[in-house]
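Here's a quick tour of a protein model, with a look at its strands and its rings. Keep the 3D view open while you read.

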Amino acid sequence: MITQKYNSGVNIMGSIPDYNVMLDYISDTYGITEGSSGAFEFRTEKSLQRFISAIESCILKFKNDNHKKMFFEAIAKKDFSVQERLMVLFWQLTYSNLLFSRITAEVFMKAVYAGRVTITAEEVTSFLRYIKESEPGELDWSEDTIKISGSKYLTIMKKLGLADGAIKKTIIHPVITTGLFVYFIRFVQTITDDRTLHNPYMIFSFSEEQTIISRLKKIDNIQYWDIAQIGNEITIDLK
């Protein structure tokens, strides 16, 4: 049996109504906080189990124990705003769901760095068709499912606070606070062995390279890492 790289978890994730409530549920059920999951309610037990299965398969995948600890501590932080928690979730999805990661890197972030203002579901569905045609055995879905997936992807981005609007979505540039920046650098260093700015996850920073370098060198941030620079090459070592 051929193992498929991609799954349709994007469709189910797009149907979860409130991501902040979902993060509370994840933190209380799997993480380090204690509370009631009562706010995370669905019409039927079957619906609830479907969403729990999507959470476990699309979000709760970790490179190692340090990655897992970082994620749960971040979503439990009292001084993180709702939007900061949603950015932590966004970055986690880029690691834990390959299809979400590829769409984001090759469609959404390309639009961001090109200075685009809007993005459409058709751009996402075109990319999904490209995967289906170029990678035999992957995305063996009907055209209807592919169109739904394209729409659901942008619904996820809207719920993450990174897009807004109806048919044509406006791209929203998030405010990357100091706390988020530190989390992001630690995140990308933890999930890969690449300690340079060529790390493939750097594309998800919503920042140009020079901005990243400037923030890495800020005095307030030197407590978190050591920086070595030879020419234009930067190496980051977490403390």
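## The small print and the sheet

Before you dive in, remember that this is a predicted model.

Start with the strands. There are three of them in an open sheet, lined up in the order 1-3-2 with antiparallel pairing. Strand 1 (118-120) and strand 2 (163-164) are the edge strands, each pairing on one side only. Strand 1 is joined to strand 3 (residues 168-171) by three bridges. If you'd like to spot a partnership, find Thr-118: its bridge partner in strand 3 is Thr-170.

## Rings meeting rings

Now for the aromatics: the structure holds 17 aromatic pairs. One of them is Trp-91 with Tyr-183, a stacked pair with 6.4 Å centre to centre and 20 degrees between the planes. This pair links distant parts of the chain, as Trp-91 belongs to helix 5 (residues 82-96) and Tyr-183 to helix 9 (residues 178-191), 92 residues apart. Are these two buried or exposed? Trp-91 counts as buried because its relative accessible area is 0%, and Tyr-183 is buried too, at 7%.

Phe-108 and Phe-206 meet edge-to-face, 6.5 Å centre to centre with 70 degrees between the planes. Phe-108 sits in helix 6 (residues 98-113), while Phe-206 lies in the loop between helix 9 and helix 10 (209-216), 98 residues away along the chain. Both Phe-108 and Phe-206 are buried. These four residues belong to one aromatic cluster, whose members also include Phe-90, Tyr-153 and Phe-204.

## Charges over rings

Finally, look for charges on top of rings. The charged end of Lys-77 sits over the ring of Phe-80, 4.4 Å from its centre. Arg-50 has its charged end over the ring of Phe-51, 5.6 Å from the centre.

Technical notes: Residues are numbered from 1 along each chain as its sequence is written. This is a predicted model: local features need pLDDT of at least 70, side-chain atom pairs count only at pLDDT 80 or more; totals for chains, interfaces and linings use all residues. Side-chain values use heavy atoms; hydrogens and water are left out. Two strands pair if DSSP finds at least two bridges between them. Helices (H or I, at least four residues) and strands (E, at least two) are DSSP runs, numbered from the N terminus. Rings of Phe, Tyr and Trp (its six-membered ring) pair if their centres lie within 6.5 Å; planes under 30 degrees apart count as stacked, over 60 as edge-to-face and the rest as tilted. Buried means under 20% relative accessible area, exposed over 50%, partly exposed in between (1.4 Å probe, protein chains only). A charge sits over a ring if NZ of Lys or CZ of Arg is within 6 Å of the ring centre and within 35 degrees of the ring normal.
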